[in-house]
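Hi,

Here is the structure I promised to pass on. Have a look, and my notes on what turned up are underneath.

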Amino acid sequence: MDIIALVGAVALLFIVIGVSEPLSERLRLPFTVILAIMGALIGATALTLATSGLGDTLSPMVRRLLDLPIRSNIFLYVLLPTLLFQVALMVNARRMLDDWVPILVMAVGAVLVSTVVIGYALTPFTALPLAACLLIGAVVSTTDPSAVVSIFRNIAAPQRLTRIVEGESLLNDAAAIALFGFFLSFVMLGVPNPTLQEAALTFPWLIGGGVAIGWIVARVAIALMAVLPSYPRAQVSVSVALPYLTYIAAEQYLGASGVIAVVVSGLVLNLQGPSRLTPLSWGYLREVWDLLAYWAGAFIFILAALLIPRLMGDLRASDLFLIGVIVFAAIVARAVMLFGVLPILGRMKLSPQVDVSYRSAILWGGLRGAVTLALALAVTESALVPPAIKREVGILATGFTLFTLLVQGTTLRWVISRLGLDRLPALDEALSRQVIAVALQNVREEIAEISRDYRLPQEVIRSEAKRFAARLDGAVSEAESVDIPDRDRITLGLVALAGRERDLILENFRQQLFSSRLVESMLSDVDSLIERTRLGGRDEYRATARRALGFGGRYRMAVWLNNRLRWSAPLEVMTADRFERLLNQQLVLDELHSFIAGKIRRIHGRRVADLLAELLRRRCEETDNAIEGLRLQYPGYAEEIERRFIRRTSLRLEEREYETLFADGLISREVFTTLRDGLSDARNALDKRPRLDFALQREEVLRAFPVFATMPEESRKSLARALKTLYVEPGRVLIRKGEVPRSVYFIASGAVEMERRGQKLRLGRGEFFGHLGMLSGQPRRAMVAAITHCTLFALDEAKFRNLLARNEALQQEVEASAIARGANVERIMAPIRKRA
């Protein structure tokens, strides 16, 4: 086919795509089903014209259009990488990583179970060898859940469930293609059969190699995009090249899984892109990829459907029975995963508890499509596969795909309706009635003002007022007819509050008040807050909010590296991130009070609004305490971060003034562009956050200790270098009964508790402990444990004794503490005075 015919064919397919979307909405069928039907009709028409002799009467141009060359590599190397990359780029990657266990089990496990069940179900009814039957099982095992995911989003299904289904779709293609390649080698003539040992060595590289390649290529691409901050189109161009280079490098040169490599590269860009690109560039990139994926998804279905008449040309009655066997076996295999494995994962707390109705919808919504037909086409194109196997694979895979599209796809909405998933829950239905009543009351007030402003005739105003009053009375009576318990109102109010929190984070990000470095993690925390509040109400809201203020596994690992290996860089970065996030969160939480007073009070009433305000007040207080702890711990750094926040806010306000002047025509475009470029440079400078240096911060903190206030500057710097910083969690025992302390601990932040003879003594910032036991040489009769998150400075015995001999203020403090705790003052102080 020449280039002119190819361009013409592609242009016609674009028209078909453009017509199919509104047609799918009109017929209430999945978009992919309409594309498949349109493609099959076009393919059948082309095949009929080519085989009936009518094609000879057509012009050469039309004949070339009908003879569109479609090869499996078009799907695997052109369209599939685009589709996979866009999904990986758009998902909530951080929340999806939290659910990696159910996603991996459902993706890989479902493909393995489906392949085995279908393969062995076919064996008794066909003369094909077992390897060929398993090959067919691998070809048809990959699912396309786009239809069911789209419907789940429209019916407000649990976000975690939708995320797991999306994650499964990302990985099951990789598992299916890997199994396809394994079983294909068994049926190819002249190719030695692989052994289980070879497979055991190959599969880890397929996965691990794909992960490594995707990560490396994505990091290189991100670094290249980061040096092009003023050229968003150049950044998008680099991102477009990323999935194709990754796929080709993995598949052709390194023998790894191209699908996994593309998925990993998309996830890496998803996680790191927002912090390396400007908000405008990142938004532009996502919009472009939305469009590219829309086209790729449409083309992958319509081109695959064009193959259906060609692959089904030799259909026999016996083939229909075998297709029925595959349909039954595939449904059974999918049911095993959904009704057997998924509930087990739920009981193990690795997956959400999924209602039977949702599992049934996923079962019926497991459509097959382009990847299945592409793999079947790859078999029919191979010269090494026997003709009988080619025929069976092509017909059975295509027939099964047609069943899923034309039967399951066309009835999916009906099934969801029968399952009751398209109806609002009773609680949401009751709430919607109250929302309508409140909204209409607000509208009535505004309409009255508008009518007066426009001086409309009184007769018109009175007649419309009567009509509107009747509607309002009906809405109020419906709202009063239902009673929503306060417990449910609190849950709904908290979900709305968390949703508003999410909107404020995005709004501040768009205003460039929040650094793009941390917005994704903040949004992930809010999404978790919404999900858990829906399930557990007020208690889960409080627990999840506190968990977001706490320290996760990565932070504890960074603490371990700092405490044991004296490597502070990871902990410095995470502490700086934590401080910036807390400041951002403080700003957002302060704005939520007006939302409760203005919106939630009208819908849920004063009592519920007051309860939510109290919960928010406690959350604000906990955030303020966490920020204050960091301010005390890192005073100089805290001040610098707060200054930068004020400067970033002033830059945004300055930019808004320039935008207003430009919109009013008071400055030219050239002047406006120059001014905005200057602001951009200043903003980029602010985005380079100052490094948090623990050594320098120790000096700042030491100044606040009374015993070190009069110490010379050089001596204080020397002491700061000698101190070892420890981060401890609440409950950790620092000194046990019967131990002789070998270090003295200075409390930089937090509090510890000493327990002796049933009495408890609390020590806080600026105090120290462990010195009396060390100096007396006697085992401790008291246990010391942290009661909050603490930052401690530890000094070993030799260095503390040297310090004590030179520091008179410290000697006085040691003597005072010995007297206060009833220790033998003379025994402790005599060696000190002698050494001094």
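R502 and D527 pair up through their side chains in a salt bridge, with 2.8 Å from N to O. R502 sits in helix 21 (residues 486-510) and D527 in helix 22 (residues 516-549), so this contact ties together parts that are 25 residues apart in sequence. D527 is buried, at 5% relative accessible area, while R502 counts as partly exposed at 26%. Do keep in mind that this is a predicted model.

Helix 22 turns up again in another pair: R546 makes a salt bridge with E622, the closest N and O atoms being 3.0 Å apart. That one links distant parts of the chain, with R546 in helix 22 and E622 in helix 25 (residues 606-633), 76 residues apart. Both ends are partly exposed, R546 at 46% relative accessibility and E622 at 26%.

How many salt bridges does the structure hold? The count is 15. Among them is R391 with E392, where the closest N and O atoms are 2.8 Å apart, and both of these residues are buried. There is also a salt-bridge network that links E614, R617, R618 and E621.

Now for something without charges. I3, I4, L6, V7, V10, F14, L291 and W295 make up a nonpolar surface patch, with about 700 Å² of accessible area together. Helix 1 (3-27) and helix 13 (279-306) are the elements that give two or more residues to this patch, and helix 1 gives the most, with 6. One of the patch residues, V10, lies in helix 1 and is partly exposed at 31% relative accessible area.

Cheers

Technical notes:
Residues numbered from 1 in each chain as written. Predicted model: local features only at pLDDT ≥ 70, side-chain atom pairs only at ≥ 80, totals over all residues. Heavy atoms only, no water. Patch = residues over 30% accessible without salt bridge, like charges linked within 9 Å, V, L, I, M, F, W, Y side chains within 5 Å. Areas by Shrake-Rupley, 256 points an atom, 1.4 Å probe, with all protein chains shown as cover. Salt bridge = Lys/Arg side-chain N within 4 Å of Asp/Glu carboxyl O. Helix = DSSP H or I, 4+ residues; strand = E, 2+ residues; numbered from the N terminus. Buried < 20%, exposed > 50% of the residue type's maximum accessible area, 1.4 Å probe, protein only.
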